[in-house]
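Me: Please take a close look at the aromatic residues in this structure and at what surrounds them. I would like one connected account, with the general layout of the chain given before the details.

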Amino acid sequence: LILVPGVASAQSYAIDRGSLLVDGVASFSSTGSDEGDDRNMVLQLQPSLQYSVIPGLALGGDVLPRRSSFDGESDTTYGVGPTISYFFGGEERKIYPFVSGGVQYFRSDDTDTFGYNVSGGAVVMLTGGVGINGELYYQDWDYGDLGDSNVFGLAFGISAFVF
């Protein structure tokens, strides 16, 4: 803890090398089909911690608590996985466009689920270190014997850069 203030003050702007990004997004989807009246609803939170290895490029990990319901049944799963993000722009910007991607592993009951996601969006800085973000995303999931699924969506969240 004694070293943290020295390391944290070495960066001069939000996406500089050595900055720490703590962020999270929330998304909700509701999907129907021609096969019946039931809807598949999913609420997903995605907190993330990333470290800028070079200006603009951040590596880290996600934790993904996820709640879904379909056909009167509900399920809560938790996932983890590595993530990578690239932020465009330089010093002292108000908007940082970004692209991001990652892979995830979920475990629910006796089912292993693997997936990946890619997204693009922007962080609008409210202060020098805190911003709101919005992103369009695509997720693809492999449920093993149960098949595959994919989701296109929109998510919003908060980003805090420690530098």
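Reply:

**Aromatic residues and their surroundings**

Along the sequence, the chain runs in the order α-β-β-β-β-β-β-β-β. That comes to 1 helix and 8 strands. The model is predicted. Along the principal axes, its C-alpha atoms fill a box of roughly 55 × 30 × 20 Å. The chain has 163 residues, and 36% of them count as buried. Among contacts with a separation of 6 or more, 49% are between residues 24 or more positions apart.

The structure contains 7 aromatic pairs. One of them is formed by Phe106 and Trp141, in an edge-to-face arrangement with 4.9 Å from centre to centre and 70 degrees between the planes. This pair links distant parts of the chain, since Phe106 belongs to strand E5 and Trp141 to strand E7 (residues 130-142), 35 residues apart. Phe106 counts as buried because its relative accessibility is 2%, under the 20% limit. Trp141 is buried too, with a relative accessible area of 0%.

Another pair consists of Tyr138 and Phe152; this one is tilted, with 4.8 Å between the centres and 50 degrees between the planes. Tyr138 lies in strand E7 and Phe152 in strand E8 (residues 148-162), so the pair ties together parts that are 14 residues apart in sequence. How do Tyr138 and Phe152 stand in terms of burial, buried or exposed? Tyr138 counts as buried, because its relative accessibility of 18% is under 20%. Phe152 is exposed, because its relative accessible area of 65% is over 50%.

Next, the charge beside the Phe106 and Trp141 rings. The charged end of Arg66 sits over the ring of Phe106, 5.3 Å from the ring centre. The charged end of Arg66 also sits over the ring of Trp141, where the distance to the centre is 4.8 Å.

Arg66 also appears in the description of the largest pocket. That pocket has a volume of about 850 Å³. Its lining is made of 33 residues, and those nearest its centre are Asn40, Arg66, Ser68, Tyr143 and Ser149. Two or more lining residues come from each of E1, E2, strand E3 (57-70), E4, E5, E6, E7 and E8. E1 provides the largest share of this lining, 6 residues.

A further group of rings is the aromatic cluster formed by Phe87, Phe98 and Phe161. These three residues are also part of the largest nonpolar core, which has 11 residues in all and further includes Tyr13, Ala14, Ile15, Leu21, Ala58, Tyr96, Val123 and Met125. Strand E5 (95-108) and strand E6 (111-125) each contribute at least two residues to this core. In soluble globular proteins, nonpolar side chains tend to be buried together.

Ala14 shows how one member of the core is surrounded. Setting aside neighbours within four places in sequence, Ala14 is in contact with Ser19, Tyr96, Met125, Gly128, Phe161 and Phe163. Ile15 and Ala58, also core members, are both touched by Ser52. Ser52 lies in strand E2 and counts as buried, at 7% relative accessibility. Not counting residues up to four places away in sequence, the other residues that Ser52 touches are Asp16, Arg17, Gly18, Ser19 and Leu57. Ser19 is thus named among the contacts of Ala14 and among those of Ser52.

There is also enclosed empty space in the model. The structure holds 2 cavities of 30 Å³ or more, and the largest has a volume of about 190 Å³. Of the 20 residues lining the largest cavity, Asp23, Gln50, Ser85, Ser100 and Glu135 are the closest to its centre. Strand E1 (20-33), strand E2 (36-54), strand E4 (73-87), E5, E6 and E7 each supply at least two residues of the lining. E1 gives the most to this lining, with 4 residues. E1 also gives the largest share of the lining of the largest pocket.

Conventions:
Residues numbered from 1 in each chain as written. Predicted model: local features only at pLDDT ≥ 70, side-chain atom pairs only at ≥ 80, totals over all residues. Heavy atoms only, no water. Core = buried A, V, L, I, M, F, W, Y, C linked by side-chain atoms within 4.5 Å. Buried < 20%, exposed > 50% of the residue type's maximum accessible area, 1.4 Å probe, protein only. Contact = heavy atoms within 4.5 Å. Phe/Tyr/Trp six-rings, centres within 6.5 Å; stacked < 30°, edge-to-face > 60°. Lys NZ or Arg CZ within 6 Å of the ring centre and 35° of its normal. 1 Å grid on protein atoms, 1.4 Å probe; cavity = no way out; pocket = protein on both sides within 12 Å on 5 of 7 lines; lining within 4 Å. Points joined across faces, edges and corners; volume = space filled by probe spheres on them.
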